[in-house]
Amino acid sequence: MLTLFALACLPCLLAMIVTADVAAETAARAMRRRLRALRGRRSERRFARDVGIKDRPVTTDPVGPPIEQIAADLRRLGQQRIGVATRSTVWFAAVQRAYDQRLGLACHELEIVEHLDELTGIDLDIERVRIEGELQNAGLTLVSVNAQRSQDQR
């Protein structure tokens with residue numbers, strides 16, 4: 001029984017012996033890369049200390065306006081985007097640009113990845129819809145109560 005077990009395990013044992021050098025080299029390469037990164041951070045801290053730069057504590061204070069204000073702006077600008085037929089194209093472009101900026105702020109505050117600055121045309125419209133969905137999933141209400149009532153009445 002032991003002989004049969006040894007014969008069954010022999011191919012696995014040979015494969016482990018053959019690939020052991022590759023596994024050891026991969027592990028050594030990973031360790032060298034990690035040590036290099038640690039040395040780099042240590043030298044940066046040492047340089048900062050020598051120059052006299054103090055470590056700044058990481059603050060979690062919000063940089064921009066409160067998320068409630070951003071949500072209110074998005075609802076207001078969203079309503080203005082709906083009434084596009086009565087306005088000029090310049091006005092619509094300004095509202096759209098302001099809406100995109102507020103979407104970007106909301107994404108930044110809620111740590112949602114957005115690509116509004118990189119896209120144009122239909123791709124930008126699709127990105128807006130995607131971001132609006134992500135913000136809705138994050139709990140941000142983008143449709144005002146009045147707009148919801150007017151849509152329900154139609």
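Me: I understand that a residue counts as exposed when its relative accessible area is over 50%, as buried when that area is under 20%, and as partly exposed in between. In this predicted model, is E111 buried or exposed?

Reply: E111 has a relative accessibility of 73%, so the residue counts as exposed. Its location is the loop between α3 and α4. The backbone deserves attention as well: the phi of E111 is positive, at about 55°, although the residue is not a glycine.

Me: How far should confidence in the chain guide my reading, and where is confidence lowest?

Reply: The chain has an average pLDDT of 81, and 84% of its residues score at least 70. Confidence is lowest in helix α5, residues 145–153, where the mean is 52. The highest value belongs to helix α4, residues 121–137, with a mean of 91.

Me: What does the secondary structure of the chain come to?

Reply: The chain has five helices and zero strands. In sequence order, the pattern is α-α-α-α-α. The chain has 154 residues, of which 17% count as buried. Among contacts in the chain with a separation of 6 or more, 57% join residues that are 24 or more positions apart.

Me: How should one describe two packed helices?

Reply: Two packed helices are described by the angle between their axes together with the distance between those axes. Here, helix α2 (residues 67–82) packs with helix α3 (residues 89–110) at an angle of about 150°, and the axes are 9 Å apart. Since angles over 145 degrees count as roughly antiparallel, α2 and α3 are therefore roughly antiparallel to each other. The crossing in which α2 passes α3 is left-handed. On the α2 side, the residues making the contact include I67, I70, L74 and L77. On the α3 side, they include W91, F92, V95, Y99 and L103.

Me: Which residues of helix α4 illustrate burial, and what is L124 in contact with?

Reply: L124 has its place in helix α4 and is buried, with a relative accessible area of 13%. Apart from neighbours within four places in sequence, L124 is in contact with D100, L116 and L119. The C-alpha atoms of L124 and D100 lie 9.6 Å apart in space, and the two residues are 24 apart in sequence. E127 is also placed in helix α4, and at 7% relative accessibility E127 counts as buried. With neighbours within four places in sequence set aside, E127 is in contact with V113, E114, H115, L116 and L119.

Me: What is a disulfide in general, and how many disulfides does a search of the whole structure find?

Reply: A disulfide is a covalent bond between the sulfur atoms of two cysteines. A search of the whole structure finds zero disulfides.

Me: Why is there no bond at the sulfur of C9?

Reply: The cut-off for a disulfide is a pair of cysteine sulfur atoms within 2.5 Å. The closest cysteine sulfur to that of C9 is in C12, at 6.3 Å, which is too far for a bond. Taken from C12, the closest cysteine sulfur is that of C9, at 6.3 Å and again too far for a bond.

Me: How do C9 and C12 stand in terms of relative accessibility?

Reply: C9 is partly exposed, with a relative accessible area of 30%. C12 counts as exposed, at 52% relative accessibility.

Note on methods:
Residues are numbered from 1 along each chain as its sequence is written. This is a predicted model: local features need pLDDT of at least 70, side-chain atom pairs count only at pLDDT 80 or more; totals for chains, interfaces and linings use all residues. Side-chain values use heavy atoms; hydrogens and water are left out. pLDDT is the predictor's confidence in each residue, from 0 to 100. Helices (H or I, at least four residues) and strands (E, at least two) are DSSP runs, numbered from the N terminus. Buried means under 20% relative accessible area, exposed over 50%, partly exposed in between (1.4 Å probe, protein chains only). Axes are lines fitted to C-alpha atoms, for helices over the stretch in contact, and angles run from 0 to 180 degrees between N-to-C directions. Angles under 35 degrees count as roughly parallel, over 145 as roughly antiparallel, 65 to 115 as roughly perpendicular and the rest as oblique. A crossing is left-handed if the near helix is turned anticlockwise from the far one by less than a right angle, and right-handed if clockwise. Contact means heavy atoms within 4.5 Å.
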